[in-house]
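Biologist: Please take a close look at one part of this chain and describe what surrounds it. I should then like to see that part placed in the context of the whole fold.

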Amino acid sequence: MRLELRVCQHCLEGDHGNEQRTALLNDMVNCAEQIKEHREVIDLDEVHIRRVRDDEPGKPEALPVVSATIQNDQVVLNDTQLVAEGQDGNMLLYANPDDVLTVLAGNLDEINKAVAEDVTVDLSPVGAEIVSQADLGANRDRNPN
């Protein structure tokens, strides 16, 4: 199984002036980096984090999927997406930032359940709100009684 997170480098650095988007993208990258570090725990073969700049074509690094929208009668490639390739070769594409963060947080939740150390990521207020609505919350108490 493989994951590839694709984000806009300019938004990530705050160049586009949207502080909430910058915080959310940083949350995504921080989660993906933790997942990459512990990928074997949830049977991931690869985790790629692709930072796309305006001055490059923006092709995916490993998984050949790019989402697009139509804006002003033109096709525009989405600069934020998460692609997950399963063992059967099927690919799931998440283009909504809330969905991307929720999927990444869910993967971290699964890792947290399987390892002794805490692998959670300190999320921004906007990211924490999104994840709290998804009701993921790792159960750190392995003894149900």
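Modeller: I shall start from Val41, which touches Ile111, Ala114 and Val115 once residues up to four places away in sequence are set aside. The model is a predicted one, and every value below is computed from it. Val41 sits in the loop that lies between H2 and E2. Its relative accessibility is 28%, so Val41 falls in the partly exposed class, between the limits of 20% for buried and 50% for exposed. Separation along the chain and separation in space can be set side by side here: His10 is 31 residues from Val41 in sequence, and their C-alpha atoms are 32 Å apart.

The loop between H2 and E2 also holds Asp43. This aspartate has a phi near 60°, a positive value in a residue that is not glycine. As general background, a negative phi is what most residues other than glycine have. Asp43 has a relative accessibility of 52%, and because this is over 50%, the residue counts as exposed. A second aspartate, Asp73, likewise has a positive phi near 60°. Asp73 belongs to the loop between strand E3 (68-71) and strand E4 (74-77). Its relative accessibility is 78%, so Asp73 is classed as exposed.

The loop of Val41 follows helix H2, and the partners of that helix come next. H2 spans residues 19-37 and packs against helix H4, residues 125-134, at an angle of about 60°, with the two axes 8 Å apart. On the H2 side the contact involves Gln20, Ala23, Leu24 and Asp27, and on the H4 side Val126, Gly127 and Ile130. Sorted by class, this H2 to H4 contact consists of four nonpolar residues, two polar ones and one charged one.

H2 also takes part in the interior of the chain. The largest nonpolar core has 30 residues, of which Leu5, Met28, Ile35 and Leu104 touch the most other members. Two or more core residues come from each of strand E1 (2-8), helix H1 (9-12), H2, strand E2 (46-52), strand E5 (81-85), helix H3 (97-114) and H4. With seven residues, H2 makes the largest contribution to this core. In soluble globular proteins, there is a general tendency for nonpolar side chains to be buried together.

Strand E1 offers a detailed view of such surroundings. Leu3 is located in E1, and its relative accessibility of 5% is under the 20% limit, so Leu3 counts as buried. Beyond its neighbours within four places in sequence, Leu3 is in contact with Ile35, Leu44, Glu46, Val47, His48, Leu63, Leu82, Val83, Ala84 and Asn107. One of these partners, Leu63, is 60 residues away along the chain, yet the two C-alpha atoms are separated by 8.0 Å. Leu5, with neighbours within four places again left aside, has contacts that include Met28, Val29, Ala32, Ile49, Val100 and Leu104. Val7 also has its place in E1, and with 0% relative accessibility it counts as buried. The residues that Val7 touches, apart from those up to four places away in sequence, include Leu12, Leu25, Met28, Val29, Val52 and Thr80. Tyr94 lies 87 residues from Val7 in sequence and 12 Å from it in space, C-alpha to C-alpha.

These parts may now be set within the whole chain. The chain contains four helices and six strands, arranged from the N terminus as β-α-α-β-β-β-β-β-α-α. Its radius of gyration is 16 Å, close to the 15 Å that the globule rule gives for 145 residues, so the chain is as compact as a globular protein of that length. The C-alpha trace spans about 60 × 35 × 20 Å along its principal axes. Of the 145 residues, 39% count as buried. The accessible surface is about 8,300 Å², and carbon and sulfur atoms account for 44% of that area. Among contacts between residues at least 6 apart in sequence, 62% join residues at least 24 apart. The contacts that Val41 makes with Ile111, Ala114 and Val115 return the account to its starting point.

Notes: Residues numbered from 1 in each chain as written. Predicted model: local features only at pLDDT ≥ 70, side-chain atom pairs only at ≥ 80, totals over all residues. Heavy atoms only, no water. Axes fitted to C-alpha atoms, helices over the stretch in contact; angles between N-to-C directions. Contact = heavy atoms within 4.5 Å. Nonpolar A, V, L, I, M, F, W, Y, C, P; charged D, E, K, R; others polar. Rg over C-alpha atoms; globule rule 2.2 N^0.38 Å. Buried < 20%, exposed > 50% of the residue type's maximum accessible area, 1.4 Å probe, protein only. Areas by Shrake-Rupley, 256 points an atom, 1.4 Å probe, with all protein chains shown as cover. Core = buried A, V, L, I, M, F, W, Y, C linked by side-chain atoms within 4.5 Å.
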